[in-house]
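Here's a quick briefing to read with the model open beside you. We'll start with a strand pairing and then head inside.

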Amino acid sequence: MKIFFDGGHRPSGMEWAVVLGGETRVARDLGAGSAMAAEWLALIAATEWAVERGVTDAILLGDALAVIAQANGTARIPTLCRPWHERWLALPRPPRLRLRHVKRTQNLAGIALTRLSRGPTLAANHR
């Protein structure tokens, strides 16, 4: 199952969105942090939701190439990202889990965050 994730950073704080099976989950105003921390939070949320839903074959799709490379073990993990990486490694996960990069324009979770940032009328249409 394809699961899209994206994190963002706005003046109000970090946020993330995850799209799984046509449903969208969003968390906003998560406090101070960085865009990379928000991406890690999105990856963690996507993994947790996949397990919650009983997904056994998951492809996690995100547009943060650095976070995907770090999670896949192909890039060095910066000191500031180590707590997020360790938290993600400690999670239960689907038996078959893959991480892939997608373009920003293909990331359904990123599209959801963009729409939500445009105002409350659109936010009411997404859960």
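Which residue stands opposite leucine 20 in β3? In this predicted model, the residue facing Leu20 is glutamate 23. From there, the notes below go through the hairpin, the cores and helix α2.

**The β2–β3 hairpin**
- β2 (13-20) and β3 (residues 23-27) run antiparallel, paired over five bridges.
- Two residues sit between these strands in the hairpin, and glycine 21 in the turn takes a positive phi of about 55°.

**The nonpolar cores**
- The largest nonpolar core has 30 residues, and the ones touching the most other members are Ile3, Phe5, Val18, Leu43, Trp88 and Leu99.
- At least two residues of this core come from each of β1, β2, α1, β4 and α2, with α1 giving the most at eleven.
- Look at Leu99: beyond its neighbours within four places in sequence, leucine 99 is in contact with Phe5, Leu43, Leu60, Ile68, Ala71, Asn72 and Trp88.
- Apart from the largest core there's another one, made of seven residues, including Phe4, Val19, Ala109 and Leu113.
- As a general backdrop, nonpolar side chains in soluble globular proteins tend to be buried together.

**Helix α2**
- Within α2 (residues 65-72), the buried residues are Val67, Ile68, Ala69, Gln70 and Ala71.
- Those buried residues pack against two other helices, α1 (35-52) and α3 (82-89), plus the strands β1 (2-10), β4 (57-62) and β5 (96-101).
- Right after α2 comes glycine 73, with a positive phi of about 80°.

Terms used
Residues numbered from 1 in each chain as written. Predicted model: local features only at pLDDT ≥ 70, side-chain atom pairs only at ≥ 80, totals over all residues. Heavy atoms only, no water. Buried < 20%, exposed > 50% of the residue type's maximum accessible area, 1.4 Å probe, protein only. Helix = DSSP H or I, 4+ residues; strand = E, 2+ residues; numbered from the N terminus. Contact = heavy atoms within 4.5 Å. Core = buried A, V, L, I, M, F, W, Y, C linked by side-chain atoms within 4.5 Å. Pairing = 2+ DSSP bridges.
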